[in-house]
Amino acid sequence: MSALLQVTGLTKIITNQADEDNHILDGVNFTLNQGEFVTVLGGNGAGKSTLFNSITGSTEITSGTVMLKDNDITKWKEEKRSNLISRVFQDPKMGTAPRMTVAENLLLAKLRGEKKTLRSRNLKKNKEQFIEMCTSIGNGLEKQIDAPAGNLSGGQRQSLSLLMATMTQPSLLLLDEHTAALDPKTSKKLMQLTNEIIQEKKMTCMMITHQMEDALVYGNRLIVMKDGKITLDLNQKEKEKMTLKDLLKLFEEEKLTPTI
Amino acid sequence: MIISAIAQGFLWAVLGIGLYLTYRILKFPDLTTEGSFPLGAAVAVTAIVSDVPPILAIFLAILAGMGAGLVTGLLYTKGKVPVILAGILVMSGLHSVMLFIMKRPNINLLNQETLFDLFEGLPNYYDVVFIGVIVLVILISVVLAFFYTNLGQAFIATGDNEDMARSLGIRTDNMKILGLVISNGVIALAGALVAQNNGYADVNGGTGVIVIGLASLIIGEVMFKDLKLGERLCTIVIGSVLYQILLLGVIELGFDTTYIRIFSSVILAICLMIPQIRKSLNLGTIIGRGEKE
């Protein structure tokens, strides 16, 4: 296996009004190999989302480097990184353009990272493929293909975000609690769909979750974060041995407060 | 009289379409408008009195407006100046630019050939209507064609969900600059047309025009809901004509035109409040037929 993502000494310090330094990320070192599917656990304020934000470039870091596919991307702008990294957020509203139709959203995703020119968008040519993609999810998204994304249900909107994130097969997929805002049943369905897509496209993925069960069931590596550091890193074998009980116990000992 | 209101409505609709690109697509009010509109007028009129053919003069006006939009866009995206303030700065600065171009506060077009003289055969006002229709057809077609390119879609996405757009690799700063450039080009075109119709350009000709432009946009919106982009652009024209008819009505009632601006503001304020008023009174669909509740 080759290293896809290498994070070295990643630190983000925020100075609050009382002039106290707050280490959101505290020298995180982390290597992600091609084909790994890592689940990320940790309490609120552990730095999980900030870790993601530093990888995508949507937040400025204090120090450290981020290497992706042997490129030092630390100074790359978010727009440039988006060729290689895609992301699904927790909030269904964040991943789609509400006033644009489902098909229009998908078309934007298809052109991820491409230079936008004055060429006609050619939506018709792509529509059949889009309908097929939507049908494969099985939640009726294809019937809404010409409806504004803002009219979709939360579950449909998240599955659209997921389709958009995985369409061009970026090098790295980041899922930031992307099922958390949905009801349990929809959440479970979306998680299964996510897993299918990742397996099928052999994607490298990091997934933040608050569902301990999901963290154990899915993926082939598990990391736990606390106070801006990675405190536990289990490989596939160790992860398989881990039970929900062990994990809960571990969290109690560490005085982590997971929100299940 | 009504035909003159329609004629005016068509010319001012150009302004509404320009404003739509920023106010509705990018979702911010661009105050550069009050500078780029009279700038377009100043450039076109100065060019015409310098014997430049009217059509070329209009193109020069559009370019000037685009330049103004570019400055606002750069201040906003690269300089991180809040967009309202960036617009105010440019608007204010353009006052001097216009004085520099015209060398005096106003120029009139007496005995000069304007765009409207190209259609002398038509009766009064009909020439304006005719030119208005031609300009609007071309303008709406071009704007629509742009919307349905990959670049246009990226532009719309930037206004609709900037975070998402950026996460898909769209250079949102460039899109905002592009929007401001196109928008102010269109607004300057409106200025150039209105000035030729009025027969003069004045450095203070921009005061309150943003209210007129927004009024046509909002009137169109409160009347028709849930439209496609093309239909929406057409409702701006309808809104603009209705607004002019409203003003005409006010003048016919014997209102002193010196104080006309407060009416513009009141009309716009009412239109902006209609969704709220409708909600609190639960009137439903008296004005907005087909609206979803």
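## A walk through chains A and B

Let's start at Gln34(A), which is partly exposed because 15 other C-beta atoms lie within 10 Å. Here a residue is called buried if 20 or more other C-beta atoms lie within 10 Å of its own, exposed if 12 or fewer, and partly exposed in between, with C-beta atoms placed from the backbone. This is a predicted model, in which local features need pLDDT of at least 70 and side-chain atom pairs count only at pLDDT 80 or more, while totals for chains, interfaces and linings use all residues. Residues are numbered from 1 along each chain as its sequence is written, and chains are lettered from A and ligands numbered from 1 in the order in which they are written.

Where does Gln34(A) sit? Its place is the loop between E2 and strand E3 (37-42) of chain A. Helices (H or I, at least four residues) and strands (E, at least two) are DSSP runs, numbered from the N terminus. For a sense of distance, the C-alpha atoms of Gln34(A) and Pro98(A) are separated by 34 Å, and these two residues are 64 residues apart along the chain.

Step back from that loop into E2(A), and you meet an open sheet of four strands in chain A, with antiparallel pairing and the order E2-E1-E4-E5. Two strands count as paired if DSSP finds at least two bridges between them. Strand E2 (21-33) and strand E5 (71-72) of chain A are the edge strands, each pairing on one side only. Nine bridges tie E2(A) to strand E1 (residues 3-15) of chain A, in the antiparallel sense. For one of the residue pairs, look at Ile13(A), whose bridge partner in E2(A) is His23(A). Helix H1 (residues 48-56) of chain A packs on this sheet and touches E1, E2 and strand E4 (63-68) of chain A. The direction of H1(A) makes about 65° with that of E2(A); such axes are lines fitted to C-alpha atoms, for helices over the stretch in contact, and angles run from 0 to 180 degrees between N-to-C directions.

Now go the other way from Gln34(A), into E3(A). This strand is mostly covered, with six of its six residues buried. In a regular strand the side chains alternate between the two faces of the sheet. In E3(A) both faces are covered: Phe37(A), Thr39(A) and Leu41(A) are buried on one side, and Val38(A), Val40(A) and Gly42(A) are buried on the other. Which strands does E3(A) run parallel to? E3(A) is joined to E8(A) by four bridges and to strand E9 (residues 221-226) of chain A by five. Val40(A) has Ile208(A) as its bridge partner in E8(A), while Gly42(A) has Met225(A) in E9(A).

From E8(A) we can hop across to E7(A). E7(A) runs parallel to strand E8 (residues 204-208) of chain A, and five bridges join the two; Leu172(A) is matched with Thr204(A) in E8(A). E7(A), helix H6 (residues 184-201) of chain A and E8(A) make a right-handed β-α-β unit. Right-handed means that, with the strands pointing away from the viewer, the path from the first strand over the helix to the second runs clockwise. E7(A) also pairs in the parallel sense with strand E6 (residues 85-88) of chain A, over four bridges, and there Val88(A) stands opposite Leu175(A).

Is E7(A) enclosed or open? E7(A) is largely enclosed by the rest of the structure, because five of its five residues are buried. Leu172(A), Leu174(A) and Asp176(A) lie on one side and Leu173(A) and Leu175(A) on the other.

Just before this strand comes a loop with a backbone oddity. Gln169(A), in the loop between helix H5 (154-166) and strand E7 (172-176) of chain A, has a positive phi near 50° without being a glycine. Gln169(A) counts as exposed because it has 12 C-beta neighbours inside 10 Å.

Finally, turn to where the chains meet: 18 residues of chain B are in contact with 25 residues of chain A, where contact means C-beta atoms, placed from the backbone, within 7 Å. On the chain B side, helix H6 (150-160) and helix H7 (162-167) each give two or more residues. H6(B) supplies the largest share, seven residues.

Conventions:
Contact = placed C-beta atoms within 7 Å.
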